[in-house]
Amino acid sequence: MKHLFVWMSFCIGMVADAKPLETITDIDGILSLGLPVLIVQTENALEPSCDYLRQSDGYPLSTIANATKVPGRTLLLTQNDTLYDSGDYKADKSGMTIKIRGNCSAYETKKSYKIKLQKKADLLCRPDDRTDYRDKNWVLLRTDQDCSILNIMTGLKINELMGLPWTPAFRYVNVVMNGDYRGVYALAESVRRNADCRLNVDKQTGFIVEYDPYYWAEDLYVESSIPSNMHYTFKYPEADEITQEQLADVTEAIEETEKTIRSNVTSRIDIESFVNWLLAHDILGTKDGHGSNIFLMKYDNTDATKVQMCNMWDFDTIAQSEGKWTYVHSPGLFYYYFLFRYNNTEFIDAYESRWREVETTL
């Protein structure tokens with residue numbers, strides 16, 4: 001009855017026509033399955049929407065644009081407690097907005113979503129260990145594909161064990177949106193700058209970029225010299241906030257990094273993070289390691305810091321390249337082809353050495 005009362009009060013307080021009665025008696029039943037329940041109630045029960053785009057030059061990629069940010073309230077329940085309540089939406093004070101995320105996956109019936117809180121919080125509700133996990137930006141990753149629940153868990157654990165700069169934290173939740181049960185999702189930290197608990201780059205001169213096959217849907221990107229039909233889009237600073245000075249710094253760093261790698265020089269990259277990222281994909285046997293999941297960062301715009309691989313992301317194709325290199329080794333897809341093709345002794349020795357360290361334990 002406790003959860004019935006919370007659910008009734010929540011829905012009545014949000015909007016009268018949200019149709020909560022269809023699932024109101026199921027909340028305790030869903031909670032009894034063992035996972036927390038994330039309730040999302042948007043204003044006027046409005047569903048997020050987006051426009052669907054296809055690349056015009058014949059390259060077979062589809063993505064989305066103009067995703068609507070729908071305001072609302074979110075609540076996280078367990079069988080014994082209310083872990084989190086964002087409150088009603090008030091810009092920059094309480095509540096949240098939710099929008100559709102993804103590229104090809106956004107075409108599926110079950111969507112993934114971005115949640116932006118109006119006030120920083122740790123949606124994973126971790127115990128206090130003197131780390132500040134609060135952030136405004138979170139994602140709900142759909143898990144309806146074959147083995148996708150296991151893939152997310154396995155992929156991020158390998159990311160952690162390989163010692164990449166950051167491993168996104170997550171937990172599985174059952175999601176109820178606007179009175180409808182939407183199934184199991186992974187509630188996870190998004191790839192963002194956060195010096196306390198995510199990717200740490202200097203606020204003024206650092207950057208985080210994505211080597212992105214969907215660059216053509218963005219207003220701003222930095223071109224790559226690798227003939228891969230992929231360029232760099234911005235995670236930090238965001239494209240609509242970046243200054244001309246910051247854009248110039250990012251462009252120069254990328255151009256110099258690519259030029260040195262193609263000259264068989266690794267002085268611009270952090271070899272350890274590049275090796276760990278590649279070896280993790282090789283161990284997992286992923287088929288799309290080149291896709292929209294390659295994140296790079298540089299702490300600041302000085303020569304003292306190097307370009308790093310950030311973290312792995314998107315584990316749909318784990319165990320689909322058995323007995324083969326992961327797809328990112330292929331010609332023209334990313335830096336690794338050049339590093340191996342040119343027989344870069346420094347990089348190859350580091351790769352082999354790291355494999356010897358983990359092969360009997362990982």
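## Exercises on a predicted model

The lining of the second largest pocket is made up of 7 charged, 3 polar and 3 nonpolar residues. The structure is a predicted model, and the exercises below refer to it.

**Exercise 1.** Describe the second largest pocket by its volume, its lining and the element that gives the largest share of that lining.

*Solution.* Step one is the volume: the pocket holds about 160 Å³ of space. Step two is the lining, which consists of 13 residues. Nearest the centre lie Asp249, Glu252, Ala253, Lys298 and Asn301. Step three is the source of the lining: helix 4 (residues 244-262) supplies the largest share, 5 residues.

**Exercise 2.** Find which members of the largest nonpolar core touch the most other members, and list the contacts of Phe274.

*Solution.* The largest nonpolar core has 59 residues, and those touching the most other members are Phe274, Leu296, Phe334 and Tyr336. Helix 5 (residues 271-284) gives the most to this core, 8 residues. Leaving out residues up to four places away in sequence, Phe274 touches Ile269, Leu296, Val307, Gln308, Met309, Phe334, Tyr335, Tyr336 and Phe347. Another core, of 24 residues, lies apart from the largest one; Val40, Leu76, Ala106 and Trp138 are among its members.

**Exercise 3.** Decide whether Ile271 is buried or exposed, and state which residues Ile271 contacts beyond its sequence neighbours.

*Solution.* Ile271 is found in helix 5. Its relative accessible area is 15%; buried means under 20%, so Ile271 is buried. Outside the four places on either side in sequence, Ile271 is in contact with Thr266, Glu346, Phe347 and Ala350. The C-alpha atoms of Ile271 and Tyr351 are 8.9 Å apart, with these positions 80 residues apart along the chain.

**Exercise 4.** For the salt bridges of Arg182 and Glu238, give the partner, the closest N and O distance and the exposure of each residue.

*Solution.* Arg182 pairs with Glu47, the closest N and O atoms being 2.8 Å apart. Arg182 is in strand 10 (residues 180-189) and Glu47 is in the loop between strand 1 and strand 2, 135 residues apart. Arg182 is partly exposed at 22% relative accessibility, as is Glu47 at 33%.

Glu238 pairs with Arg192, with 2.9 Å between the closest N and O atoms. This pair links the loop between strand 12 and helix 4 to the loop between strand 10 and strand 11, 46 residues apart. Glu238, at 26%, counts as partly exposed, and Arg192 is partly exposed at 22%.

Conventions:
Residues are numbered from 1 along each chain as its sequence is written. This is a predicted model: local features need pLDDT of at least 70, side-chain atom pairs count only at pLDDT 80 or more; totals for chains, interfaces and linings use all residues. Side-chain values use heavy atoms; hydrogens and water are left out. On a 1 Å grid over the protein atoms alone, a cavity is a set of points where a 1.4 Å probe fits but cannot get out, and a pocket is an open set with protein on both sides within 12 Å along at least five of seven lines; lining residues have an atom within 4 Å of a point. Grid points are joined across faces, edges and corners, and a volume is the space filled by probe spheres set on the points. Helices (H or I, at least four residues) and strands (E, at least two) are DSSP runs, numbered from the N terminus. Ala, Val, Leu, Ile, Met, Phe, Trp, Tyr, Cys and Pro count as nonpolar, Asp, Glu, Lys and Arg as charged, and the others, Gly among them, as polar. A nonpolar core is a set of buried Ala, Val, Leu, Ile, Met, Phe, Trp, Tyr and Cys residues joined through side-chain atoms within 4.5 Å. Buried means under 20% relative accessible area, exposed over 50%, partly exposed in between (1.4 Å probe, protein chains only). Contact means heavy atoms within 4.5 Å. A salt bridge is a side-chain nitrogen of Lys or Arg within 4 Å of a carboxyl oxygen of Asp or Glu.
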